[in-house]
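Please take me through this structure in the viewer, one selection at a time. For each stop, say what to select and what is there.

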Amino acid sequence: MRVRRRNPDRVDEVTGPLDVAALLAHLEVNPTTVLVILDGNLVTSATVLSDEADVEIRPVISGGAGPSRCHDCRGPAVIEEPRHRSAWCGEHFVDHVHRQIRKAIDHDRMFSYNDRILLAVSGGKDSLALWDALLTMGYGADGLYIGLGIGGYSKRSGRVCAEFAAKRGVELITVDLQEAYGYTTPSGSQASGRTTCGVCGLSKRYVFNRVAVEGGYDVVVTGHNLDDEAAVLLNNVLHWHEDFLARQRPLLPATGPNQVRKAKPLYRLSEREMAAYCVLRGIDYVVEECPLVDGNTGQEHKETLSALEAGSPGAKAQFLFGFLDRAEQLFPRRDDATAVALGECQTCGMPTTAAVCAFCKQRTRILVDLQGDPTGPAAAARQLPIVSTS
Ligand code: AMP
Ligand code: ZN
Ligand code: ZN
């Protein structure tokens, strides 16, 4: 078919039949910025164009000729975000990211400039970008890196975090799971028969809270982004995990002693935006994914949602924000008077609804299998061995 484009004028020959959506994808044209015209009539994305068709693609955004322009300064754009129907130059994209973080912090009252913030950093794009953003925005935030013992991946992650901290002159707390608790994610998973993601998640949540309590921090902050939260929401809805839906919030307040509130200031920003932020800010991060997550459901749900997003930009954000707007009403939190009272874990003193907390139970099971001894190296220790580099 013959495809005419305007501003600047050009004609391409494209083999048909193809539907309009496929044609635009082939030509790398953003569907929201053009009209497609066939024999004087407008056609929509599902219309099939024959091999003989004569089609015009007409730009509709004023000033939209040629490359995209920055939404803020009209200079040449370096990134487009269909969800916001905007594009930005590097400088203003960084501002856009900071604005979204500011909106999250203020809307959910996550923390103030006086709070002591502990930021969990993995060495990946999200948490390092967040560290950079918080420091740039004037917040004081110390980092916490947990060495999970996942071979070279963990070594590289730890190194990247340490280099970031050294460059900015900020504090990084490092906890090595093997040294502190006697197991790694792989060995713990093998010994307990639980999934690696299960062992890893429980261990991380526990260490985040424990280090924050022992260090006198007011809030633990993680780099969970829009894609992470939307994927978790999809999973929770697919299985109607009502108790999880009641706890899926960007801010979780502390509900008792020895608990620190948790905040996710990146929930309004996508993975792609965070990766772009790192590139623009010159942040070195570990690009490879954890080798143990292969084929987990979180990843599949992210792909499903991204396919939806490609067809209707904004769908992912609408799904998550729509839930958050209604969550208090539809899935109220139950950590008030009706909730089960939190006590102290007999082994470690951390909060739990049982006699022994889930982390200590898991750890005992692992150590019995690994060394036939539930009272391994740090079992009785209430004081956590912390390595601090700054
Ligand atoms: P993930 O569960 O890997 O998607 O990570 C979600 C968030 O958890 C990251 O953005 C970090 O804030 C935090 N996190 C993940 N892995 C680590 C780690 N090894 N040490 C400290 N924080 C981590
Ligand atoms: Zn600009
Ligand atoms: Zn415990």
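The tour goes from the whole chain to its domains, then to the cores, the ligand shell and a single loop residue.

**Whole chain.** Begin with everything displayed, and keep in mind that this is a predicted model. Colour by pLDDT: the chain mean is 90, and 91% of the residues reach 70 or more. Then select residues 378-390, where the pLDDT is below 50. This stretch still has 29 contacts in the model beyond near neighbours in sequence. Where pLDDT is low, the predicted coordinates should not be read in detail.

Switch to the C-alpha trace, which spans about 80 × 45 × 45 Å along its principal axes. In cartoon view the chain shows 13 helices and 18 strands. Of its 390 residues, 33% are buried. Among contacts with a separation of 6 or more, 67% join residues 24 or more positions apart.

**Domains.** Give a colour each to domain 1 (2-59), domain 2 (112-330) and domain 3 (343-389), as listed in the domain assignment. Now hide domain 1 and look at how the other two meet. The C-alpha centres of domain 2 and domain 3 are 23 Å apart. Across the boundary, 27 residues of domain 2 are in contact with 21 residues of domain 3. On the domain 2 side, select α4 (151-168), β12 (172-176), α5 (177-181), α6 (185-192) and α7, each of which supplies at least two residues. Helix α7 gives the most to this side, with eight residues. By residue class, the domain 2 side divides into 13 nonpolar, ten polar and four charged.

**Cores.** Next, select Ile117, Leu118, Leu119, Leu144, Val219, Val220 and Val221. Within the largest nonpolar core, which has 76 residues, these have the most contacts. Helix α7 (residues 196-214) provides the largest share of this core, eight residues. Because domain 2 and domain 3 both give residues to the core, it lies between them.

A second core of nine residues lies apart from this one; to find it, select Val3, Val20, Val34 and Val36, which are among its members.

Return to the largest core and centre on Val219. Neighbours within four places in sequence aside, Val219 is in contact with Met110, Phe111, Asp115, Ile117, Val260, Arg261 and Ala263.

**Ligand 1.** Select ligand 1 and the 14 residues around it. Which of these residues come nearest? They are Ala120, Ser122, Ile146, Thr222 and Gly223. Show α3 (125-136) and β11 (141-147) as well, since each supplies at least two residues of the shell. β11 gives the most to the shell, with three residues. The shell residues divide into six nonpolar, five polar and three charged.

**Val286.** For the last stop, select Val286, in the loop between α10 (271-281) and α11 (297-311). Is Val286 buried or partly exposed? Val286 has 19 C-beta neighbours inside 10 Å, so it counts as partly exposed; a buried residue would need 20 or more. Leaving aside neighbours within four places in sequence, Val286 is in contact with Gly123, Gly124, Arg156, Ser157 and Val160. To end, draw a distance from Val286 to Tyr113: their C-alpha atoms are separated by 29 Å, and the two residues are 173 residues apart along the chain.

Notes: Residues numbered from 1 in each chain as written. Chains lettered and ligands numbered in written order. Predicted model: local features only at pLDDT ≥ 70, side-chain atom pairs only at ≥ 80, totals over all residues. pLDDT = per-residue confidence, 0-100. Contact = placed C-beta atoms within 7 Å. Near = placed C-beta within 6 Å. Helix = DSSP H or I, 4+ residues; strand = E, 2+ residues; numbered from the N terminus. Nonpolar A, V, L, I, M, F, W, Y, C, P; charged D, E, K, R; others polar. Core = buried A, V, L, I, M, F, W, Y, C linked by C-beta atoms within 7 Å. Buried ≥ 20, exposed ≤ 12 C-beta atoms within 10 Å, placed from the backbone. Domains from an automatic or database assignment.
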